[in-house]
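Got your viewer open? Let's walk through this model stop by stop, and you can click along as we go.

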Amino acid sequence: MDIKSMKNYLYWLYCQFELITCSYLMEPWEKLLFYTFNITMLVMVLYTAYIFVPVHISTAFQFFLHLFGNQHENTVSVVK
């Protein structure tokens with residue numbers, strides 16, 4: 001894929017995004033606020049997913065291991 005067709009494709013995607021969100025009707029200052037808000041929300045969602053999803057998966061994995069009887073020994077019982 002050459003650079004010119006990639007540039008045209010990205011521009012086409014941008015135009016589709018503006019059509020879907022109706023942001024092509026906005027004034028430049030409204031677009032700036034709209035895009036800033038949306039990018040901020042996206043970054044916050046991605047950060048939250050990065051921080052909390054692995055913790056929840058680990059907790060669920062430990063729960064299912066405990067549920068099916070594959071328990072870890074208590075460290076207090078190992079030390080006598």
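Where does Ser 23 lie? Select Ser 23 and you'll land in the loop between α1 and α2. Keep in mind as you look around that this is a predicted model.

**Stop 1: the whole chain**

Zoom out for a moment. You should be able to pick out three helices and zero strands, and if you read along the sequence, the pattern goes α-α-α. The protein has 80 residues, and 5% of them count as buried. It exposes about 7700 Å², with carbon and sulfur atoms supplying 73% of that area.

Now try colouring by confidence. The average pLDDT for the protein is 87, and 85% of the residues score at least 70. Which element has the lowest mean pLDDT, and which the highest? Helix α3 (residues 75-78) sits at the bottom with 54, while α1 comes out on top with 93.

**Stop 2: back to the loop**

Return to Ser 23. Is Ser 23 buried or exposed? Ser 23 counts as buried because its relative accessibility is 0%, and the cut-off for buried is under 20%. Show the residues around Ser 23: leaving aside its neighbours within four places in sequence, Ser 23 is in contact with Glu 18, Lys 31, Phe 34 and Tyr 35.

Next, select Cys 22, which also belongs to the loop between α1 and α2 (28-67). Cys 22 has a relative accessible area of 39%, so it is partly exposed. Check its backbone too: phi of Cys 22 is near 60°, a positive value in a residue other than glycine. Why point that out? Most residues other than glycine have a negative phi.

**Stop 3: the salt bridge**

Two of the contacts of Ser 23 deserve a stop of their own: Glu 18 and Lys 31. Show their side chains and you'll see them meet in a salt bridge, 2.8 Å from N to O. This pair links distant parts of the chain, with Glu 18 in helix α1 and Lys 31 in helix α2, 13 residues apart. The count for the protein comes to one salt bridge.

Are these two partners buried or exposed? Glu 18 has a relative accessible area of 11%, so it is buried. Lys 31 counts as buried as well, because its relative accessibility is 19%.

**Stop 4: a patch on the surface**

Select Leu 10, which has its place in helix α1 (residues 3-21). Then add Met 6, Tyr 9, Trp 12 and Leu 13 and switch on the surface: together with Leu 10 they make a nonpolar surface patch of about 490 Å².

**Stop 5: an annotated stretch**

Last, highlight residues 32-53. An unreviewed UniProt entry annotates them as "transmembrane region". What does the chain look like over residues 32-53? The stretch is 100% helix and 0% strand, and its end C-alpha atoms are 31 Å apart.

Conventions. Residues are numbered from 1 along each chain as its sequence is written. Side-chain values use heavy atoms; hydrogens and water are left out. Patches are made of residues with over 30% relative accessible area and no salt bridge: like charges are joined within 9 Å, nonpolar side chains (Val, Leu, Ile, Met, Phe, Trp, Tyr) within 5 Å. Accessible areas come from the Shrake-Rupley method with a 1.4 Å probe; for residues, only the protein chains shown count as cover. A salt bridge is a side-chain nitrogen of Lys or Arg within 4 Å of a carboxyl oxygen of Asp or Glu. Helices (H or I, at least four residues) and strands (E, at least two) are DSSP runs, numbered from the N terminus. Buried means under 20% relative accessible area, exposed over 50%, partly exposed in between (1.4 Å probe, protein chains only). UniProt positions are given in the numbering used here, feature names are shortened, and annotations may be inferred rather than shown by experiment. pLDDT is the predictor's confidence in each residue, from 0 to 100. Contact means heavy atoms within 4.5 Å.
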